[in-house]
Amino acid sequence: MSSSAFYEIAINLINAETKRLDSFCSALDKNTDEKKKQIVEYKRAKYRYAGATKVWCMFLHCHRLKDRNKNSHYLIPQVDEIFLCNPTNVAIYNNALDAEKCDYGLYFGVTAFADAEIAKLEEKLPHAADWEKIELEERIGGLRFAKACLGEAWQKRKEANK
């Protein structure tokens with residue numbers, strides 16, 4: 001399965017952060033005394049990781065199944081449904097070159113997915129208790145980070161193809 005410059009850049013950016021968070025948590029899992037001292041940072045890292053990996057998994061899954069999903073903008077149905085809610089992005093996709101449509105679908109579809117997930121969590125924020133609010137904020141932070149990685153990769157894709 002061939003991967004575009006956009007896909008490679010985005011997946012590597014998200015992987016770097018998720019590996020950093022995973023390494024931090026894994027190190028604390030091996031040292032219970034240190035974990036007790038840094039339990040707040042540990043929990044924050046776990047929630048941020050959960051947010052970032054939600055986008056990472058959807059991006060990876062859509063890419064993995066892209067050949068099967070050519071008729072649904074190269075997206076799995078759950079993401080395509082969200083993508084179709086933005087007619088401007090659908091028009092941009094429709095006007096893209098055929099060779100670039102997969103990247104356009106992945107970028108606009110998974111970005112829309114991230115936005116939808118962020119919106120769901122933000123709705124809960126006003127009603128959240130102290131620790132629930134921190135959990136939601138960290139998950140949102142992870143989602144926003146992954147979305148920013150998609151944006152950075154989208155900007156860098158043309159440079160990489162030169």
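Guide: A residue counts as buried when its relative accessible area is under 20%, as exposed when that area is over 50%, and as partly exposed in between. The model discussed here is predicted.

Visitor: What percentage of the residues of the protein chain count as buried?

Guide: The cut-off for burial is a relative accessible area under 20%. The protein chain has 162 residues, and the share that counts as buried is 43%.

Visitor: How many helices does the secondary structure of the protein chain contain?

Guide: From the N terminus on, the elements run α-α-α-α-α-α-α. The protein chain has zero strands, and its helices number seven.

Visitor: Of the contacts with a separation of 6 or more, what percentage comes from residues 24 or more positions apart?

Guide: A contact requires heavy atoms within 4.5 Å. The C-alpha trace in which these contacts occur spans about 55 × 35 × 25 Å along its principal axes. Among contacts with a separation of 6 or more, residues 24 or more positions apart account for 67%.

Visitor: How far apart do the centres of the positive and negative side chains lie?

Guide: The surface that the protein chain exposes comes to about 9300 Å², with 50% of it supplied by carbon and sulfur atoms. As for charge, there are 26 positive and 24 negative side chains, and the distance between the centres of the two sets is 3 Å.

Visitor: Which helix supplies the largest share of the lining of the largest pocket?

Guide: The largest pocket has a volume of about 240 Å³. Its lining comprises 17 residues, and those closest to its centre are Ser4, Ala5, Ala99, Glu100 and Asp103. Helix H1 (5–30), helix H6 (101–124) and helix H7 (130–160) each contribute at least two residues to this lining. The largest share, four residues, comes from H6.

Visitor: Is Ser4 buried, exposed or partly exposed?

Guide: Ser4 lies in the segment before H1, and its C-alpha atom is separated by 26 Å from that of Gly141, 137 residues away along the chain. The relative accessible area of Ser4 is 22%. This value is neither under 20% nor over 50%, so Ser4 is classed as partly exposed.

Visitor: Is Asn89 buried or exposed?

Guide: Asn89 is located in helix H5 (residues 87–95). Leaving aside neighbours within four places in sequence, Asn89 is in contact with Phe83 and Phe108. Its relative accessibility is 16%, which is under the 20% cut-off, and therefore Asn89 counts as buried.

Notes: Residues are numbered from 1 along each chain as its sequence is written. This is a predicted model: local features need pLDDT of at least 70, side-chain atom pairs count only at pLDDT 80 or more; totals for chains, interfaces and linings use all residues. Side-chain values use heavy atoms; hydrogens and water are left out. Buried means under 20% relative accessible area, exposed over 50%, partly exposed in between (1.4 Å probe, protein chains only). Accessible areas come from the Shrake-Rupley method with a 1.4 Å probe; for residues, only the protein chains shown count as cover. Lys and Arg count as positive and Asp and Glu as negative; His and the chain ends are not counted. The place of a charge is taken as NZ of Lys, CZ of Arg, CG of Asp or CD of Glu. On a 1 Å grid over the protein atoms alone, a cavity is a set of points where a 1.4 Å probe fits but cannot get out, and a pocket is an open set with protein on both sides within 12 Å along at least five of seven lines; lining residues have an atom within 4 Å of a point. Grid points are joined across faces, edges and corners, and a volume is the space filled by probe spheres set on the points.
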